Amino acid sequence: MRLSVLKNNFPICSLDLDPQVKVGGSKNEFLIGRSKICHVHLDDKRISREFAKIVYEKSAWRIVPLSEYSPLTINGDVVVAKNIEH
């Protein structure tokens, strides 16, 4: 799965997560946020250190917001938790 992050409709990050997925039934998690430990590092003070995570489990992708301060939006819609089509 290719993840593209945009800010004001301008691409700031793109990452292919497929090569990083460990097969064999294990759960894979990819962090998005301001922290340097995140797989997708967003250098913006308005973003939480751990803003969201993308989970790959049982052949399905899901995004989960982690911040209680900033809403996660996808295509303009606020997300609580969402399965991602691959």
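This is a short walk through the fold, the core, the main pocket and a few loop residues of one protein model.

Hi everyone, thanks for coming. Before anything else, please keep in mind that this is a predicted model.

Let's begin with the overall layout. The protein has 9 strands and 0 helices. Read from the N terminus, then, the order of elements is β-β-β-β-β-β-β-β-β. There are 86 residues, and 37% of them count as buried. As for how the chain comes back on itself, take the contacts between residues at least 6 apart in sequence: 27% of those join residues at least 24 apart.

Now to the inside. The largest nonpolar core holds 19 residues, and the ones touching the most other members are L17, I32, V40, I54, W61 and I63. Which elements give two or more residues to this core? They are strand 1, strand 3, which spans 28–33, strand 5 at 52–57, and strand 6 at 60–65. Strand 5 is the top contributor, with 3 residues.

If you have the structure open, click on I32. Setting aside neighbours within four places in sequence, I32 is in contact with L3, C38, V40, L42, E50, F51, A52, I54 and I63. Three of those names should sound familiar, since V40, I54 and I63 are also on the list of core residues that touch the most other members.

On to the pocket. The largest one has a volume of about 970 Å³. It is lined by 27 residues, and S4, V5, L6, L72 and T73 are the closest to its centre. Two or more lining residues come from each of strand 1 (2–7), strand 7 (72–74) and strand 9 (82–84). Strand 1 supplies the largest share of the lining, 6 residues. What is the chemical make-up of the residues in this lining? They divide into 15 nonpolar, 6 polar and 6 charged. So strand 1 turns up twice in this talk: it gives residues to the core, and it gives residues to the pocket lining.

Let me turn to the loops, starting with a little group around R46. D44 sits in the loop between strand 4, residues 40–41, and strand 5. Is D44 buried or exposed? With a relative accessible area of 14%, D44 falls under the 20% cut-off, so it counts as buried. A polar atom of the D44 side chain lies 2.9 Å from the backbone nitrogen of R46. Beyond its neighbours within four places in sequence, D44 is in contact with K7 and R34.

The other partner of R46 here is S70, in the loop between strand 6 and strand 7. S70 is also buried, at 19% relative accessible area. A polar atom of the S70 side chain lies 3.2 Å from the backbone oxygen of R46. Not counting residues up to four places away in sequence, S70 touches R46 and F51. F51, you may recall, is among the contacts of I32 as well.

The loop that holds S70 also holds E68. E68 counts as exposed, at 68% relative accessibility. Its C-alpha atom is 8.9 Å from that of S48, and the two residues are 20 apart along the chain.

Two further exposed loop residues deserve a quick look. S59 lies in the loop between strand 5 and strand 6, and its relative accessible area of 63% makes it exposed. S59 and K27 are 32 residues apart in sequence, with 9.7 Å between their C-alpha atoms. V80 is in the loop between strand 8, at 77–79, and strand 9. At 71% relative accessibility, V80 is exposed too. The C-alpha atoms of V80 and P65 are separated by 6.4 Å, and these residues are 15 apart along the chain.

I'll finish at the N terminus. D18 is found in the loop between strand 2, which covers 10–16, and strand 3. Where does D18 fall between buried and exposed? Its relative accessible area is 37%, so it is partly exposed. The D18 side chain reaches the backbone nitrogen of M1 at 2.5 Å. The C-alpha atoms of D18 and M1 are 5.4 Å apart, although 17 residues separate the two along the chain.

That's my tour. Thanks for listening, and I'm happy to go back to any of these spots on the screen.

Technical notes: Residues numbered from 1 in each chain as written. Predicted model: local features only at pLDDT ≥ 70, side-chain atom pairs only at ≥ 80, totals over all residues. Heavy atoms only, no water. 1 Å grid on protein atoms, 1.4 Å probe; cavity = no way out; pocket = protein on both sides within 12 Å on 5 of 7 lines; lining within 4 Å. Points joined across faces, edges and corners; volume = space filled by probe spheres on them. Helix = DSSP H or I, 4+ residues; strand = E, 2+ residues; numbered from the N terminus. Nonpolar A, V, L, I, M, F, W, Y, C, P; charged D, E, K, R; others polar. Core = buried A, V, L, I, M, F, W, Y, C linked by side-chain atoms within 4.5 Å. Buried < 20%, exposed > 50% of the residue type's maximum accessible area, 1.4 Å probe, protein only. Contact = heavy atoms within 4.5 Å. Polar contact = N/O pair within 3.5 Å; in protein donor to acceptor, adjacent residues only side chain to side chain.
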